[in-house]
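This report looks at open spaces within a protein and at the aromatic rings that lie beside one another. Please keep the sequence and the 3D view at hand while reading.

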Amino acid sequence: MNDKYISVSQLTRYIKYKIDNDTNLNEIFLKGEISNFKAHSRGHFYFTIKDEGSRINAVMFSSSTKKIKFTPQDGMKVLVTGKISVFEANGGYQIYVSDMLEDGIGNLYIAYEQLKKKLEIEGLFDQNIKKTIPKIPTRIGVITAPTGAAIKDIISTIKRRWPITEVYLFPSLVQGEEAKDDIVRQIKKAELFNLDTLIVGRGGGSIEDLWPFNEEIVARAIYDAHVPIISAVGHEIDFTIADFVADLRAPTPTGAAEMAVPQLSDMMNYLNQLKIRLNNTILKKIEMNKKRLDNIVSRNIFKNPMIIYQNSEMQLDSLIERLRFSLINLTNIKEKELLKIKNSYILRNPYQLLDKKSNKYLQLISKLETLSPLLTLKRGYTMTKLDKKIINSCKKIEKDAIITVEFSDGSIDAKVI
């Protein structure tokens, strides 16, 4: 009787089998809003797709998430492609997503805008850090496909405009999943060749074709490069992330070549202009120096060079005359002084002066003797000292002090009691 009952696993397996073999459910195009979005550390996406009336669980494995060029978020309206199957562990059906777009906006466009905003905030587009493209390069590198119109146009344009420039080709993939890594590899390789300028680009194509030049690793490789880089991707209407990061953006590969080198005819005209300006400058310099020379030659000193000697001779005569006059004048003065001395009273009667001086000397000696303390001592007076200082008051002497009493013929020490 129990034979008619089946297990839950058997039922779930049967339902999964029926759904997996339903061709209508093997490729489903579903639209809705993302909720409960979770990005697993292994790269898988787990989320729910819902509308106003229902919801379905969704899973997108890492092998498929790598194709997504934007970051899904809750509330984002999306278009997903996948198949319906049953997860046997809980018996729930869900959609296994293989591709996902934001509803109404292309997947690549979303990724483009997100990366552009991110790098702009980081300052990778800042004009102040752009390197200057050399005006007269001798070595130019080109990173592009080795075959195709782009490289032919670049080389032919450079050789036509400035044939002395060496062109180095660094062949690279410019389309497909592996192109971004190849471009980065070639940029690093080109850095070893001491280039003046590096052109990175390709011809036109769809946004998918040009996508390697919108990859973040390519943008950062351009930003980190030491050589000035010209971005030349697609046509004039095409803009890639590489255009914003590069030091200069060219509308086309041919335009990049024109920006990288000068036009030979323009340079010849420029050199001719420099030659004319140089000749004019030299002629003006010669004319100016000629006028200066004529002005110097026309001076009186060159017409009559003897005037130098004559002027000096006149100056010498003047100095000799002044010296002679000074000597005569000085001699007269000294003669008058000598005569005055000879006629002075002292020289005529020198003994009288000596007597006068002797009398004055004797008077001074008499005054000194009158004021001398020794004369006072001879009259019987004494002089008292304490610590070699004269004492003129007994109040200044303390008991037991040792004092010195000086007489006219000596001194004694005494103790005060």
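In this predicted model, helix 4 (residues 107-122) supplies 5 residues to the lining of the largest pocket, which is the largest share of that lining. The space in this pocket comes to about 320 Å³, and among its 14 lining residues, those closest to the centre are I68, K69, F70, A111 and E215.

The second largest pocket holds about 240 Å³ of space. Its lining is made of 13 residues, and K69, L108, E177, E208 and W211 are the ones nearest its centre. K69 therefore deserves a second look in the 3D view, because K69 is named among the residues closest to the centre of the largest pocket and also among those nearest the centre of the second largest pocket. The table sets out the class make-up of the two linings.

| Pocket | Nonpolar | Polar | Charged |
|---|---|---|---|
| Largest pocket | 6 residues | 3 residues | 5 residues |
| Second largest pocket | 3 residues | 3 residues | 7 residues |

We now turn to the aromatic rings. How many aromatic pairs does a search of the whole structure find? The search finds 7 of them. One of these is the pair of F37 and F47, whose ring centres are 6.1 Å apart and whose planes meet at 35°, an arrangement that counts as tilted. Since F37 belongs to strand 1 (residues 28-39) and F47 to strand 2 (residues 45-50), the pair ties together parts that are 10 residues apart in sequence. Are these two rings buried or exposed? F37 has a relative accessibility of 18% and so counts as buried, because the cut-off for buried is under 20%, and F47, with a relative accessible area of 3%, is buried too. F37 and F47 also belong to a cluster with F45, in which ring pairs link the three residues.

Another pair is formed by F239 and F244, with ring centres 6.1 Å apart and planes at 25°, so this pair is stacked, given that planes under 30 degrees apart count as stacked. F239 is partly exposed, at 41% relative accessibility, and F244 is likewise partly exposed, with a relative accessible area of 24%. F239 has a further partner, for R249 lies over the face of its ring, at 3.8 Å from the ring centre.

Conventions:
Residues numbered from 1 in each chain as written. Predicted model: local features only at pLDDT ≥ 70, side-chain atom pairs only at ≥ 80, totals over all residues. Heavy atoms only, no water. 1 Å grid on protein atoms, 1.4 Å probe; cavity = no way out; pocket = protein on both sides within 12 Å on 5 of 7 lines; lining within 4 Å. Points joined across faces, edges and corners; volume = space filled by probe spheres on them. Helix = DSSP H or I, 4+ residues; strand = E, 2+ residues; numbered from the N terminus. Nonpolar A, V, L, I, M, F, W, Y, C, P; charged D, E, K, R; others polar. Phe/Tyr/Trp six-rings, centres within 6.5 Å; stacked < 30°, edge-to-face > 60°. Buried < 20%, exposed > 50% of the residue type's maximum accessible area, 1.4 Å probe, protein only. Lys NZ or Arg CZ within 6 Å of the ring centre and 35° of its normal.
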